[in-house]
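Have your viewer open and a selection box ready. We will go from one stop to the next, selecting as we go.

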Amino acid sequence: MTQPDQSIQHRPVLVIDFGAQYAQLIARRVREARVYSEVIPHTATVAEIKEKNPVALILSGGPASVYAEGAPTLDPEILELGLPVFGICYGFQAMTHALGGTVSHTGNREYGRTDLDVLGGSLHQGFEHTHKVWMSHGDAVSQAPEGFEVTARTEGAPVAAFECPARRMAGVQYHPEVLHSPHGQEVLTRFLTEIAGVEQDWTAANIAEELIAAVKEQVGETGRAICGLSGGVDSAVAAALVQRAIGDRLTCVFVDHGLLRAGEREQVEKDFVAATGAKLVTMDEQQAFLAKLSGISEPEAKRKAIGAEFIRAFERAVAGVLEGQQVDFLVQGTLYPDVVESGGGAGTANIKSHHNVGGLPDDVEFTLVEPLRLLFKDEVRAVGRELGLPEVIVARQPFPGPGLGIRIIGEVTAERLEILRAADAIAREELTAAGLDDQIWQCPVVLLADVRSVGVQGDGRTYGHPLVLRPVASEDAMTADWVRVPHEVLEKISTRITNEVPEINRVVLDITSKPPATIEWE
């Protein structure tokens, strides 16, 4: 398997990750300011940073103390590259320490919403003199480096922000990237535009143009590609981009693996072809996937089994449906959060293997084409609209590639799939009827197949399955919160499911945010 070329022509703002919970969120906020960004680990060398030719650096937060043994360090030479630098939380303290300022154990920890007193400078100009920000620190900067103006303070942080326009450097102790800091996005944008002087040219039109050009270069003048189309926005936009680049040398293959929701196959065949005019081949692979999943209950093993069988299905498509045509490239709708959670991000942990990243087998003979690999979900939607895809595709709620296979806790069987498919259809129907589709990022419906609960149905004792509803709101799948669905809607969903799906006798609601939980249960 050959990995895709991930190059983007824009010079990036590099987010140096010191182990932050929200490093990817910082990168996303930079992109919201219409500036391209990437995340790199704090272990990156000066030479590696220079090779990426960045326009600015942002130093992320992190859980350590700058004085703790083994704490991530900032090479002072990085600050001598002449680049604009912005420090956040731990990055703010590491920057202070490297520049000769003082970081102290003040004894005043600050966690959560905190009052910030503005003293001056440009980044907080025009905001309320005292306003709320989101803090999470034990140590604090007590003396700014020479030449830096202290521009804000809090009760527990005598230096909560500083600026040095002459060196194009600034920093804040709080977290501007989170929504709990209401002026945070504006502060980041002001640093990028007013202090760093970065051009705001990361737009949907520019992204689409660059990605189409990159695909043309990768596939060449004669190369042929096959796209694994799931019907979701990611694979649809990836397919539309590649089709725009290589035309009818792309064939889309929709694999019906039997793990789809009710009516999904028909919807994909109708909506996608109508929107793009692309060649679409549908393959019925339900029995093959069920056989591959037989006896498997462990979540990671399921994902890897599904990922491997996807590849085998594409190989069968090339051998059969495409009648032996030479196809060297496989198009996938892989996104940046997929890469990050699969351990492919900068210094990130492997949370779980996505079927299209860590779940792929090693013997794949295709070269991967992943034009969306460095994009967040909202950017993918914007590119889709730029390409003229209809809202029925672009605004569709995300659905995992492994489908209902990772929404069955336990072994996947045909019977369990039918139970979950029926319950899922009811939940989606009622949420749509209640007008909640715009508020819900997605609502996984999870069958606890290996769990039984006692119930009473029809005046008799039952021993059925519990079902979990997990309605969540998110912007990019990196973080999420549960949606407060009205009680009457939940009641209607529960009543219908327990009445219409006899194998289920209990419906429960998952009210856990991400983190600590992931959006999917497996």
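**Stop one: a helix across the sheet**

Select helix α3 (residues 90-98): α3 lies across β3, β4 (85-88), β7, β10 (161-164) and β11 (169-172), running at about 120° to β4. Helices here are DSSP runs of H or I with at least four residues, strands are runs of E with at least two, and both are numbered from the N terminus. Contact means heavy atoms within 4.5 Å. Axes are lines fitted to C-alpha atoms, for helices over the stretch in contact, and angles run from 0 to 180 degrees between N-to-C directions.

A word on the model: it is predicted, with local features needing pLDDT of at least 70 and side-chain atom pairs counting only at pLDDT 80 or more, while totals for chains, interfaces and linings use all residues. Residues are numbered from 1 along each chain as its sequence is written, and side-chain values use heavy atoms, leaving out hydrogens and water.

Now add helix α4 (residues 184-195), which lies across β1, β3, β4, β10 and β11 and runs at about 165° to β4.

**Stop two: the nine-stranded sheet**

Hide the helices and show the strands. This is an open sheet of nine strands with mixed pairing, in the order β2-β1-β3-β4-β11-β10-β9-β6-β7; two strands pair if DSSP finds at least two bridges between them. Because β2 (37-41) and β7 (130-137) stand at the edges with a single partner strand each, one side of each is left without a neighbour in the sheet. From one strand to the next, the twist averages 25°.

Zoom in on strands β1 (residues 13-17) and β3 (residues 56-59), which run parallel and are joined by four bridges. Which residue of β3 stands opposite valine 13? Label alanine 56 to find that partner. Then step back to asparagine 53, in the loop between α2 (46-51) and β3. Its phi is near 55°, a positive value in a residue other than glycine.

**Stop three: the five-stranded sheet**

Next, select the open sheet with the order β14-β13-β12-β15-β16, five strands with parallel pairing. Its edge strands are β14 (280-284) and β16 (367-369), each pairing on one side only. Neighbouring strands in this sheet are turned by 30° against each other on average, direction ignored.

Inside this sheet, pick strand β12 (residues 225-229) and strand β13 (residues 250-256), a parallel pair with five bridges. Show the side chains of cysteine 227 and cysteine 252, the latter in β13: the two stand opposite each other. Bring back helix α5 (residues 204-219), which packs on the sheet and touches β15 (329-331) and β16, its direction making about 165° with that of β16.

**Stop four: two helices packed together**

Select helix α8 (residues 286-293) and helix α9 (residues 299-319). Their axes are 10 Å apart, and the helices pack at an angle of about 145°. Turn on side chains: from α8 come Ala288, Phe289, Lys292 and Leu293, meeting Lys302, Ala305, Ile306, Glu309, Phe310 and Arg316 of α9.

**Stop five: domains and the tail**

Colour the chain by its domain assignment: domain 1 (13-195), domain 2 (204-395) and domain 3 (408-509), with bounds from an automatic or database assignment. The contact takes 19 residues from domain 2 and 17 residues from domain 3.

For the last stop, go to the segment after β22 (504-509), where proline 515 is found; proline 516 lies in the segment after β22 too. The peptide bond from lysine 514 to proline 515 is cis, with omega near -10°. Follow the chain onward, and the bond from proline 515 to proline 516 is cis, with omega near 15°.
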